[in-house]
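Visitor: I would like to learn how to read a model of this kind, one feature at a time. Could you begin with the general idea in each case and then turn to the example in front of us?

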There are 4 protein chains.
Amino acid sequence: MAETVPDMRELGAELRNWGRWGPGDERGTTNLITPERVAAAARLARTGTVFDLGIPLDGDGPQPGGARINPIRLMSENGQEQVLPGGFRWADDYVFMPLQSASQYDGLAHVMYDEQLYNGRPAGSVTVKGAGYNGIHHQAKGIAGRGVLLDIARLRGVDWLAAGEVIGPDDLDAACAAQGVEVGPGDILLIRTGYRKKFLTERDPVEFMKGEPGLGLESARWLHARDVAVVGSDNWAVEVLPGEHDGALFELHMVLIRDMGMTLAELLDLEELAEHCAGDGVYEFFYAGPPLKFTRGIGSPINPLALK
Amino acid sequence: MAETVPDMRELGAELRNWGRWGPGDERGTTNLITPERVAAAARLARTGTVFDLGIPLDGDGPQPGGARINPIRLMSENGQEQVLPGGFRWADDYVFMPLQSASQYDGLAHVMYDEQLYNGRPAGSVTVKGAGYNGIHHQAKGIAGRGVLLDIARLRGVDWLAAGEVIGPDDLDAACAAQGVEVGPGDILLIRTGYRKKFLTERDPVEFMKGEPGLGLESARWLHARDVAVVGSDNWAVEVLPGEHDGALFELHMVLIRDMGMTLAELLDLEELAEHCAGDGVYEFFYAGPPLKFTRGIGSPINPLALK
Amino acid sequence: MAETVPDMRELGAELRNWGRWGPGDERGTTNLITPERVAAAARLARTGTVFDLGIPLDGDGPQPGGARINPIRLMSENGQEQVLPGGFRWADDYVFMPLQSASQYDGLAHVMYDEQLYNGRPAGSVTVKGAGYNGIHHQAKGIAGRGVLLDIARLRGVDWLAAGEVIGPDDLDAACAAQGVEVGPGDILLIRTGYRKKFLTERDPVEFMKGEPGLGLESARWLHARDVAVVGSDNWAVEVLPGEHDGALFELHMVLIRDMGMTLAELLDLEELAEHCAGDGVYEFFYAGPPLKFTRGIGSPINPLALK
Amino acid sequence: MAETVPDMRELGAELRNWGRWGPGDERGTTNLITPERVAAAARLARTGTVFDLGIPLDGDGPQPGGARINPIRLMSENGQEQVLPGGFRWADDYVFMPLQSASQYDGLAHVMYDEQLYNGRPAGSVTVKGAGYNGIHHQAKGIAGRGVLLDIARLRGVDWLAAGEVIGPDDLDAACAAQGVEVGPGDILLIRTGYRKKFLTERDPVEFMKGEPGLGLESARWLHARDVAVVGSDNWAVEVLPGEHDGALFELHMVLIRDMGMTLAELLDLEELAEHCAGDGVYEFFYAGPPLKFTRGIGSPINPLALK
C-alpha cells in the first residue's frame, strides 16, 4: 500500500548518526559490527560452503561508458621477449578502472549535500587528492560479520523486479517472515532484486543502467531501527530509480551515506547464494568482504564471500 | 646448518601436483581448502578481533618504478561543477595499477618455465589477452580457511631478517615448536620476516626491492609434505633473494607456482597480527582473503582479514 | 559505374612495396616525402592561415566503448592542498587512452594477414611489448609535406555520404577535376566524406561506428599510381564499411598498410579546412602532423595542422 | 656578472599581459604568432630537412616516479586469439601517462599564485574536471611559426651546464651575437642547455630531476621586450633550479605562465638540431609543434618538428 514518501531532508535529520560514534568518527555504521558480533557471525559458517558475491571484472561488465567504464585489464608481460637466468619467465598485468565499476563499496565520502558529508565534514574536504575525511581506508578492518539475504524477487515470484519498483518496509518484513530470519544490529543486509539475473539474461549495460528496482526512502527508517551496518544489493545503486520524488536524485544515497554513515555494497551477484538459501531455508551466513585499502579512496572494488 | 640446496628442476619434478586434481584443474593447492576445513577454520574467530593484512594502496608504497609502479588513484568527481536535482553531489575515483603492486596474490599463470605453466598448460596460452588457463578468477571462491603465522623475525630475535637470509625447514619447525602451533593440510601459511617493518622504518622502495629474506628451495618440500594451500609473506616475493643458486632467478616461484600449483600472497602487513599473536600465544586464525575476480587475470590486489 | 572489385590478396601482391626502400625499411610510403617535397610544400603556407585537423580528446568523442574508449583525462593536481614556498601552486593531469581513439595515425604494425606485416616482417614480432618492427616511432620525423583535400561530400552535393558508399577512382578523378588540383608523389591526401559533420550533428558514437562511407579497394591502385605518401579521412577507418566483399573485413587496410606500407590518418576534422578551400578554390596546403614518438607504438594520437 | 635578481611579484606585475588580448583571452603570447609571421616562418623551410624535437615516450624516460611517471604503453591487441573474416588481424595499444611526462607544453592553467591564473582567472576555476579557463585546447591551432635556437651550452663550450647555472639576458644576447641571429616578435625560442645530453649520457632520472641549469628571472624582461611567443628548452622546467631566491619555487614559471601568459615547451631534444645549426650557421627554422586537443587539459605531450 502506497504510504506517503518521506521528505528526504527531514528523514535525513531524523536518522542522522553524526556524533554517535564520536565527533572524529569516519566509519559510521560499521562501528556496529562489534567483535562479539563478528565472533558470533563466524559460527554461521557451519558447512564451509563458500559463495563469491563479486561480479567478474572485465570488459563485459554492466558499465555502458560515460562516468564509469568497465575495468580495462592489460598485460604488461606474458613471457614473450624474456631471456632470464635459469629459464624463469613471468606474466603480469595492469588495470585501469573506476573504483566503483563492478561489485563495490560506496564509501562515506561518496555522497554530499548542503555542503556536508557524513559526520558534518565539509564537502570541500573531498579534493582532487581524494577524501579528506571518511575515506574507504577507514573500513580496512572490515567488512566482516553476520550477513542476511532478503530475496525480494523470490518473495514476489518474479525473475526480477522492474525498474522503478519500490521495495519498502512491508516488503522487508514480509521477506523476513517468509524466510524465517530476523535482521539485527551490526548485520550486513543483502537485498536481492533479481537485477543481476536481468543483466546476465540481457547483457545490455544501457538497459541495465536506465533505472532499477530498489529500496525506497521509507526503508531507511527500517534499517535505522534495526541498526543495520551495511546494506548491499544486486542492482547498481541499492535504491529505486527513478526515485520516489520527481526532480530529485539518489535521495536514499543521501540519507544512508551522508546522514546515517552507512556503507553500501552494489552490483553484487546474489544468484548462487539465493538459490542455496532457498534450498536449505537458511538465509544467514558469515559475510567477509574486505575493501582494498585505497588511501583517501571514495570506494573500493570487492569480492565478498558468504560462508554458510 | 647448511644443507645442499636442491636442484630446481629436480625439485619441481618431485613435488609436481599436475593432474592431482584432474587434468582440467586451474586452482592448484587451494583445492586443499575443503568445506570441512573452512568450517573448522571459521571457529578460530573466537573473539572477533580483526586484523587487516593488506598494505595501503597509494603513492607511498614499495614500488620503485620500472616493471611495476605504486597504484595511481585519481579523482573523476569530487562534487565540483555539479548541479544536480535535489542538491545531490557525489565523488568518484579511478585507479591505474599493476595487479601485483601492493598486497597481492600471484596467480597460477604468473610463472612459467620450459614452455609450461601449472598443470602442463602451454606457456603460449598466456597471451596479450591474459591467462588462457589458471587465471586468478578461478580462485574466486577463496581464499578463506585456517591461517597460521610463523614469526621468523621473532624466532631469531631481530626486527627483520636481512636480504639473502634463507628460511629453511629447520626454521619453520623451530617456529612451530616455539609458538606451539602445527601446520596442516589446507592451511594458509603466513611467514613473517619483518621486512614490512623494514619498509615502514626506512620508506625506501629501492632498498626494499634490492633483495629480501625468504623461503629457500628446500622449504618447498616442507610445504608439500604438509599440504599447505597458500603461502604468504611480508616480503615481496616470498622467497629469498638473491636466490640460492648463482645464475638463477625466482626458483622457488617456479617450483611453488608452476609445479605445485600454489598461489602466493605477497607484500602483506603482518605487524599488528604478529604483535597480537605474541601477546596471547595463539598463532592460528581464520583467514579471509578473497581476490578480485579479474577474468583471465594474472594476480589480484588483496586485503586479507585475519580473525581471531 | 560499378567495376569489378579486385581480389584483395591479388591486389596486395600487385601493389606491394616490400623491399622498395630496402629490406630493413620500417617507414613505407612516407619515404616518398623527400626533403625537396617538404621544402616545396612549405611554400604552400602563403597566408599563414592555420587549420587544426585533430578532434578534441575528451569524453564526448566517437568511441562507443568496447575495443576502444574515449580518452579519460583526470587531474592529479589542481592547486588544492598545496602549501609550497613562495605561493607557487600548480595543476597537472593524466590521461588513459587508446592510441587510436581520436584523430590518429595507423602505424605499419597495425595490420597483418597471412602471418606477415609490412616489408615481410613476421606477425609474431608484434608482441605484448609492442611492435618489434614498423613501430610508429619510425615516423618521428614526419609527417609533414604537401597536403591535398579531396572533398567528396561537396562533389556529390551532400552533407555526408552514407555508410557503405564506395569512393572509387572515378570519384577521386572527378574531385581533382572539379577542384582544379592534382595529386602527386609524396602527397598527404585527405578525403572528406562529411562523416565528421554527421557525428557533430548526431553525437551518436554507436551510429557513427556502425559503418562508414570511404575508399573502395580499387582506389588502392589510384593511390599507388600517384605515389601518395599518406591517406587520411574524416571517417574512422578511411575505407568503406561494410566492405565490398561479403565475409571480409578491412580489406583496404590490409592492402594499404601491410602491402603498400602506407600510414593512415583517421578521425580527422576537415570541416573548417573544407569550407575555406571551397571559398578560395585552393585545395593544397602545407600539412604538419607529427606523431608522438611512442617507442614500439602501434599508432599515435595527432592534431595535424594544415597551413595555407 | 651577478645582477640583482628581481623580486618575483614585482616582475610579474611589470610584465603582466592580462587584458592585452582582451579580457576573455585564453591563449596569451601565442596571439603574437600572426598569420603573416606564420607565412614568413614557413619560408625558412628551405631544404626540407626535418628535425623531431620530441623525446621518446616509453619507460626509459626522465621521470623518476612520484608526481609524474614515464608513459606506460600497453598492448590491447597484437593479433593473438583473433579469428576474423578474411584473415584480417590487428594490433592496438593504450597509454597511461601524465600529460607532462615527456616533451610537453605547459598550458596557461598550469601555474597559479595569489589565487589567480593568467588573465586574472580565479585559481579555483581549475577543478577536478580540468581547466575552466586557459585549457591547452585553446592552443589547438598552434604552435607553428619561426623557431630560433640559442645554444648556450655551445656558447659556453660545455657539454651541458650544471644544475643551478643561471642563463641571463647577457647569455641570450651573447648567443644571438655569436650565432648571428635575432629574436623577434612571435618567435618560438628554444634554449639549449645540454641537459638532454646529460640525460642521454647518464640515464639517471633521479639525478636529472635534482635541479637544472636554465633561465633566470631577469630573462623574463628580455623575452617580454622581444615579444617572444613561446620559450622551450631541453631541460624539464625551462628555468634554473634551484631558483635564485631561497625559499621560493618555480618563480619564472609564475611570471611567464601566470603573468605573461606564455606557453612553455619542456623536455625537448635539441641535440640533432643544434648539431646541424652549428654546421650551417643557420639558427632559425620553421617550427611546427601542435599540441593534442585535450579539452580543458593542463598540458600536452608534443613532438615538435623543426624544418630548415
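Guide: We can start with the relation between chains, bearing in mind throughout that this is a predicted model. Two copies of a chain are related by a rotation about an axis and a shift along it. Here, chain D is superposed on chain C by a rotation of 180° with 0.0 Å of shift along the axis, and the RMSD is 0.0 Å.

Visitor: Which residue of chain D has the C-alpha nearest the axis?

Guide: That residue is D:Phe96, whose C-alpha lies 2.2 Å from the axis. The two copies also use the same surface, since 100% of the contact residues of chain D recur in chain C.

Visitor: What turn and what shift lay chain B on chain A?

Guide: A turn of 180° with a shift of 0.0 Å along the axis lays chain B on chain A, with an RMSD of 0.0 Å, and that is the relation of a two-fold axis. In chain B the C-alpha nearest this axis belongs to B:Phe96, at 2.2 Å from it, and 100% of the contact residues of chain B recur in chain A, so that the same surface serves both copies.

Visitor: How should I describe the contact between chain B and chain A, and how much area do they bury between them?

Guide: The size of an interface is often given as the accessible area lost when the parts come together. For chain B and chain A the buried area is about 6800 Å², with 60% of it on carbon and sulfur atoms. On the side of chain B, the residues that lose the most area to chain A are B:Tyr94, B:Lys141 and B:Lys293, which together account for 11% of what that side buries. Counted by residues, the contact takes 84 from chain B and 84 from chain A.

Visitor: Let us move to sheets. In what order do the nine strands of the open sheet in chain D run?

Guide: Strands of a sheet pair through backbone hydrogen bonds, either parallel or antiparallel. In chain D the order of the open sheet is E1-E16-E14-E8-E10-E12-E13-E4-E15, and the pairing is mixed. Strand E1 (50-52) and strand E15 (299-301) of chain D are the edge strands, each pairing on one side only, and neighbouring strands of the sheet are turned by 25° against each other on average, with direction ignored.

Visitor: In which sense do strand E8 and strand E14 of chain D pair?

Guide: Strand E8 (residues 144-151) and strand E14 (residues 284-288) of chain D pair in the antiparallel sense, over five bridges. Within this pair, D:Val148 stands opposite D:Glu284 of E14.

Visitor: Where in the backbone are there cis peptide bonds or positive phi values to look at?

Guide: Most residues other than glycine have a negative phi, and most peptide bonds are trans. In chain B, a cis peptide bond joins B:Gly142 and B:Ile143, with omega about 5°, and B:Ile143 is found in the loop between strand E7 (130-131) and strand E8 (144-151). The bond from B:Leu241 to B:Pro242 is also cis, with omega near 0°, and B:Pro242 lies in the loop between strand E12 (230-233) and helix H8 (251-259) of chain B.

For phi, we can turn to chain C. C:Glu81, which is not a glycine, has a positive phi of about 65° and sits in the loop between strand E2 (72-78) and strand E3 (89-98) of chain C. C:Asn119 has a positive phi near 65°, and its place is the loop between strand E5 (111-112) and strand E6 (126-127) of chain C.

Visitor: Are C:Glu81 and C:Asn119 buried or partly exposed?

Guide: C:Glu81 has a relative accessible area of 46% and is therefore partly exposed, whereas C:Asn119, at 11%, counts as buried because the cut-off for buried is under 20%.

Visitor: What surrounds A:Val230 in chain A?

Guide: A:Val230 is found in strand E12 (residues 230-233) of chain A and counts as buried, at 0% relative accessibility. Leaving aside residues up to four places away in sequence, A:Val230 touches several residues, including A:Thr30, A:Ile143, A:Asp187 and A:Met262. The C-alpha atoms of A:Val230 and A:Leu264 are separated by 5.9 Å, although these residues are 34 apart along the chain.

How values were computed:
Residues numbered from 1 in each chain as written. Chains lettered and ligands numbered in written order. Predicted model: local features only at pLDDT ≥ 70, side-chain atom pairs only at ≥ 80, totals over all residues. Heavy atoms only, no water. Pairing = 2+ DSSP bridges. Helix = DSSP H or I, 4+ residues; strand = E, 2+ residues; numbered from the N terminus. Axes fitted to C-alpha atoms, helices over the stretch in contact; angles between N-to-C directions. Buried < 20%, exposed > 50% of the residue type's maximum accessible area, 1.4 Å probe, protein only. Least-squares fit on C-alpha atoms with pLDDT ≥ 70 in both. Contact = heavy atoms within 4.5 Å. Buried area = accessible area lost by both parts, 1.4 Å probe.
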